[in-house]
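Student: I'd like to go through the charged residues of this model with you. Could you explain the labels as we go?

Tutor: Gladly; let's have it in front of us.

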Amino acid sequence: MSALRLLSSAARRAPSTLAQQRRGYAEVADKISLSLVLPHQAIFTSKDVVQVNVAAATGDMGILANHVPSIEALRPGMIEVIESGNASKKWFASGGFATVHPGNKLTINVVEAAPLESFSSEAVRANLQEALKVAAGNGSEEDKMEARIEADVYEALQHALGSK
């Protein structure tokens, strides 16, 4: 009997380990342990939460218990933490990384974050207009590139404030 035929025959007789390892959806009672950390402050340290929504570089995503382990780069945007009873807390983060570890653990490392309610829509709108003016102006290429980055962050902040 060839080795391939023997392997194929053994695979048909063995119980499917894939079916045994298949991951289901998180139960409502399931929690994920969140650590949200800045270089100068820990906002959460191993806090059990229901869900965390982040602005990943690949798109907005929600992270629940039993999420597949992964590392996601974060773009400037909102981090929303949903606790038991659907209480929600929102921060605007400058960017960073979210790491989903096995065993329902989530670590989010960001350079800077502030509660969303600490921002003024009027101030964000005015600063965005100023950044766009500099980006389109006659300044140096370096000044225009810095202004474009600043404008991108203000646009993301404006979007986050719109979904408050």
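Tutor: Aspartate 152 and arginine 148 sit four residues apart in helix H4, so about one helical turn separates them. Helices here are DSSP runs of H or I with at least four residues, and strands are runs of E with at least two, numbered from the N terminus. Before we go on: this is a predicted model, where local features need pLDDT of at least 70, side-chain atom pairs count only at pLDDT 80 or more, and totals for chains, interfaces and linings use all residues. Residues are numbered from 1 along each chain as its sequence is written, and side-chain values use heavy atoms, leaving out hydrogens and water.

Student: What makes aspartate 152 and arginine 148 a salt bridge?

Tutor: The term requires a side-chain nitrogen of Lys or Arg within 4 Å of a carboxyl oxygen of Asp or Glu. The closest N and O atoms of this pair are 2.7 Å apart, so the pair meets that cut-off.

Student: Why is aspartate 152 called partly exposed?

Tutor: Buried means under 20% relative accessible area, exposed means over 50%, and partly exposed is in between (1.4 Å probe, protein chains only). Aspartate 152 has 39%, so it is partly exposed. Arginine 148, at 32%, earns that label too.

Student: Which residues are joined into one network by salt bridges that share partners?

Tutor: Those are Lys47, Glu83 and Lys89. Between glutamate 83 and lysine 89, the closest N and O atoms are 3.5 Å apart, which satisfies the salt-bridge definition.

Student: How do you know whether glutamate 83 is buried or exposed?

Tutor: Its relative accessible area is 10%, so glutamate 83 falls under the buried cut-off. Its partner lysine 89, at 38%, is partly exposed.

Student: How many salt bridges does the structure hold?

Tutor: Seven. One of them joins the side chains of aspartate 60 and arginine 75, at 2.7 Å from N to O. Aspartate 60 lies in strand S4 (residues 59-64) and arginine 75 in the loop between strands S5 (70-74) and S6 (77-82), so the bridge ties together parts 15 residues apart in sequence.

Student: Why is aspartate 60 called exposed?

Tutor: Because its relative accessible area of 58% is over the exposed cut-off. Arginine 75, with 34%, is partly exposed.

Student: And where is glutamate 150 found?

Tutor: In helix H4, residues 141-162. At 39% relative accessibility, glutamate 150 is partly exposed.
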